[in-house]
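Q: Could you take a close look at one part of this model for me? I would like a connected account of a single helix and its surroundings.

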Amino acid sequence: MPVSPKQLLQLAQELIDNDSEVELRAAAGRIYYSVYQATEWLDETLSNHGGITSNAGSHMKRISKFQNYPTSGNLKTIGGENIGSDCARTIRSIGHMMAQIYTSRIKADYKPEETFTADEAEISIRSAGKLLTKLETLREEPQIAKIISN
């Protein structure tokens with residue numbers, strides 16, 4: 001059965017509510033993967049402007065693509081449509097939010113010697129909620145909706 005990004009966030013909230021550090025750390029992973037899954041369509045839609053082209057993993061390439069998306073000049077997608085500077089700024093904002101959530105997940109998963117707090121998990125889940133809202137709004141932008149519908 002498929003799992004949606006919103007379901008992953010709901011699970012993360014349940015884990016946060018239990019308030020044990022192990023569950024907080026698990027929540028950080030669910031939060032990050034909710035936004036990673038949710039941004040798949042955007043990653044596939046955009047041309048590769050400014051992203052990492054080295055040996056970086058797929059996660060950092062996606063984050064970099066969004067963070068460095070140009071806000072002026074050639075703002076074309078794979079479909080060849082110009083998405084406009086407002087959409088481009090939103091994409092950058094999504095990239096910065098995603099980077100923060102990714103950093104939190106890295107700490108939770110790979111730095112067991114550092115305390116991972118409920119505050120850190122709450123910040124990430126709030127950011128993820130805002131990111132999902134931005135994605136929904138972006139998806140409805142006429143320039144983006146036209147590309148997705150083709």
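A: Happily! In this predicted model, the buried residues of H6 are Ala121, Ser124, Ile125, Ser127, Ala128, Leu131, Leu132, Leu135 and Leu138. As background, an α-helix has 3.6 residues a turn, so residues three or four places apart point the same way.

Next, the geometry of the helix itself. H6 covers residues 118-140, and at 1.5 Å a residue its 23 residues should span 33 Å. The C-alpha atoms at its ends are 33 Å apart, which agrees with that expectation.

Now for a packing partner. Two packed helices are described by the angle between their axes and the distance between the axes. For H1 (residues 5-18) and H6, the axes come within 11 Å and cross at roughly 165°. That angle is over 145 degrees, so H1 and H6 are roughly antiparallel to each other. The crossing in which H1 passes H6 is left-handed. On the H1 side, the contact is made by Pro5, Lys6, Leu9, Ala12, Gln13 and Ile16; H6 contributes Ala121, Glu122, Ile125, Ala128, Gly129, Leu132 and Glu136. Sorted by class, this contact has 8 nonpolar, 2 polar and 3 charged residues. Ala121, Ile125, Ala128 and Leu132 are among the buried residues of H6, and these four also take part in the contact with H1.

Finally, a word on the loop between helix H5 (85-110) and H6, where Glu114 has its place. Glu114 is partly exposed, because its relative accessible area is 33%, which lies between the 20% and 50% cut-offs. Leaving aside neighbours within four places in sequence, Glu114 is in contact with Glu21, Arg25 and Lys107.

Conventions: Residues are numbered from 1 along each chain as its sequence is written. This is a predicted model: local features need pLDDT of at least 70, side-chain atom pairs count only at pLDDT 80 or more; totals for chains, interfaces and linings use all residues. Side-chain values use heavy atoms; hydrogens and water are left out. Helices (H or I, at least four residues) and strands (E, at least two) are DSSP runs, numbered from the N terminus. The expected span of a helix is 1.5 Å times one less than its number of residues. Buried means under 20% relative accessible area, exposed over 50%, partly exposed in between (1.4 Å probe, protein chains only). Axes are lines fitted to C-alpha atoms, for helices over the stretch in contact, and angles run from 0 to 180 degrees between N-to-C directions. Angles under 35 degrees count as roughly parallel, over 145 as roughly antiparallel, 65 to 115 as roughly perpendicular and the rest as oblique. A crossing is left-handed if the near helix is turned anticlockwise from the far one by less than a right angle, and right-handed if clockwise. Contact means heavy atoms within 4.5 Å. Ala, Val, Leu, Ile, Met, Phe, Trp, Tyr, Cys and Pro count as nonpolar, Asp, Glu, Lys and Arg as charged, and the others, Gly among them, as polar.
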